[in-house]
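The following exercises concern one protein structure. Each task is followed by a solution worked in steps.

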Amino acid sequence: RALDAEVGAVAEVAGAVIVAAPEPRSVGARWVLRDGGAARCRVLRGPSGLLSPPALSVVVADHQGKSKGVVDALLAEGQAISHDPAAADVVLIDHDVPFHGRLPMVEACVAAGGRAFLYPHGADPANMASWDGLYPPSPLLSGALVLAEGHVEIARRSGYPFPVEVIGWPFCAPRERRMREPRRVLFAPTHPPYLDNPRYPGRNSEMFRRLLDAPVDLEVRHIGAIEENGLTRAPGVRFVQGDMADAPGMIEQIDAADAVVADRSTFGNLAVARGVTAVLWDSVEVYNNDASRRPDNLDRYRDLLRYPFDADDGDMWDLLRAAAADSERVAEWRRRFIGAPIDGGRLSSILRGLSSS
């Protein structure tokens with residue numbers, strides 16, 4: 001009883017305590033939580049004789065298959081993927097706006113004593129701008145997990161109220177810069193739905209016309225109907241139906257191209273990560289879903305967001321050739337927003353509340 005009282009007192013301060021009795025190769029353990037609840041587990045004794053904490057139980061709300069890299073990194077670290085938010089240690093969601101339907105998972109986990117974090121909704125460098133006056137951050141979150149230091153800086157400049165932690169790039173294996181004459185160009189229009197806003201199909205149509213005027217072999221990767229994207233068929237242009245959840249298919253198309261023209265969202269950033277020449281549009285244009293509102297503090301980080309070869313900076317063919325000859329300007333932007341591959345050990349430490357940053 002005295003030991004139980006002491007363990008309870010420590011758990012009140014530390015949040016959790018392992019109570020273990022040694023055996024030859026393992027220990028019988030109780031993982032005691034702040035509320036006095038406990039789970040029995042078996043913890044292997046490591047080479048140094050130290051004990052490892054039990055696996056985290058993590059629920060990950062998937063978005064178009066983009067959680068795969070995060071899930072794989074957690075599994076590689078011995079964590080457990082769960083489907084019950086109320087019984088999980090941690091819930092990871094890609095967005096906390098109510099219409100995404102993720103908040104009930106957060107509420108269930110936090111009510112049961114767990115924690116919740118944002119993980120990257122995609123590779124858009126303006127992800128953190130979503131909470132700069134466009135959508136309110138949920139007060140139930142313990143923080144946001146981001147790809148690289150540029151996202152942390154945008155959160156700092158925009159006043160995001162919770163901790164922001166870098167976990168690395170989870171969307172594909174990054175490759176070294178590949179420089180080729182930009183003759184085979186892959187065009188990825190902004191995908192629907194557009195919420196009845198004509199801006200996005202209009203921009204798609206504009207970029208398509210400019211590419212038709214360039215001396216390139218053009219392929220278009222589209223989601224939904226061609227006409228829905230603001231496009232029409234043109235002689236000599238190949239149209240390929242895309243799938244937002246088919247990451248291997250995206251990478252295969254990107255790797256086969258000399259250059260990619262896309263907006264600044266996930267597909268364009270995949271091209272940059274794979275070392276392929278890219279021209280992006282709307283690199284500093286940030287809106288909410290229906291394009292009715294801009295971030296409150298965009299001017300504080302517009303310089304960070306700007307991609308070195310933005311389609312609005314000049315003639316499309318001139319930009320493609322300039323981007324193909326570049327080996328430095330995009331490298332800095334890539335360091336800022338793509339960074340290093342995902343680090344499962346760091347991710348696990350953050351979710352346990354052990355991060356030092």
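**Exercise 1. Establish the surroundings of Leu347.**

Solution. Step 1: at 0% relative accessibility, Leu347 counts as buried, where buried means under 20% relative accessible area, exposed over 50%, and partly exposed in between (1.4 Å probe, protein chains only). The model is a predicted one, in which local features need pLDDT of at least 70, side-chain atom pairs count only at pLDDT 80 or more, and totals for chains, interfaces and linings use all residues. Residues are numbered from 1 along each chain as its sequence is written, and side-chain values use heavy atoms, with hydrogens and water left out.

Step 2: Leu347 belongs to helix α11 (residues 344-352). Helices (H or I, at least four residues) and strands (E, at least two) are DSSP runs, numbered from the N terminus.

Step 3: with residues up to four places away in sequence not counted, Leu347 touches Val70, Ala73, Leu74, Leu145, Ile167 and Ile342; contact means heavy atoms within 4.5 Å. Leu347 and Val166 are 181 residues apart in sequence, yet their C-alpha atoms are 8.4 Å apart in space.

Step 4: for the protein chain as a whole, 63% of the contacts with a separation of 6 or more are between residues 24 or more positions apart. The chain has 357 residues, of which 51% count as buried, and it contains 11 helices and 14 strands.

**Exercise 2. Determine how helix α3 is oriented in the structure.**

Solution. Step 1: the buried residues of α3 (residues 103-111) are Leu103, Met105, Val106 and Cys109. Seen down the axis of α3, these residues fall within an arc of 155°, so they line one face of the helix; the arc is that of the directions from the helix axis to the C-beta atoms.

Step 2: the exposed residues Pro104 and Ala111 are carried on the face of α3 turned away from the buried side.

Step 3: the packing partners of the buried residues of α3 are β4 (57-60), β6 (90-93) and β7 (115-118). In strand β4 lies Ser57, which is buried with a relative accessible area of 16%. Ser57 touches Ala80, Ser82, Ala87, Ala88, Asp89 and Val90, again not counting residues up to four places away in sequence.

Step 4: just after α3, Gly113 takes a positive phi of about 100°.

**Exercise 3. Count the disulfides and state the burial of Cys109 and Cys172.**

Solution. Step 1: a disulfide is a covalent bond between the sulfur atoms of two cysteines. The criterion applied is a pair of cysteine sulfur atoms within 2.5 Å, and the count comes to 0 disulfides.

Step 2: Cys109 is buried at a relative accessible area of 0%, and Cys172 is buried at 14%.

**Exercise 4. Describe the largest cavity and the largest pocket.**

Solution. Step 1: on a 1 Å grid over the protein atoms alone, a cavity is a set of points where a 1.4 Å probe fits but cannot get out, and a pocket is an open set with protein on both sides within 12 Å along at least five of seven lines; lining residues have an atom within 4 Å of a point. Grid points are joined across faces, edges and corners, and a volume is the space filled by probe spheres set on the points.

Step 2: the search of the whole structure finds 1 cavity of 30 Å³ or more. The largest cavity has a volume of about 100 Å³ and is lined by 13 residues, of which Tyr119, Pro120, His121, Asn127 and Met128 lie nearest its centre. Strand β8 (residues 143-146) gives the most to this lining, with 3 residues.

Step 3: the largest pocket has a volume of about 1100 Å³. Its lining comprises 45 residues, with His121, Asp124, His191, Ser265 and Asn289 nearest the centre. The elements α5 (199-212), β11 (217-222), β13 (259-263) and α7 (266-273) each supply at least two residues of the lining of this pocket.

**Exercise 5. Examine the backbone at Pro193, Gln64 and Ala291.**

Solution. Step 1: the peptide bond from Pro192 to Pro193 is cis, with omega near 5°. Pro193 is in the loop between β10 (184-188) and α5.

Step 2: Gln64, although not a glycine, has a positive phi of about 55°. Gln64 lies in the loop between β4 and α2 (68-76) and is partly exposed, at 26% relative accessible area.

Step 3: Ala291 is likewise not a glycine and has a positive phi of about 60°. Ala291 is in the loop between β14 (277-281) and α8 (302-305), and at 17% relative accessibility it counts as buried.
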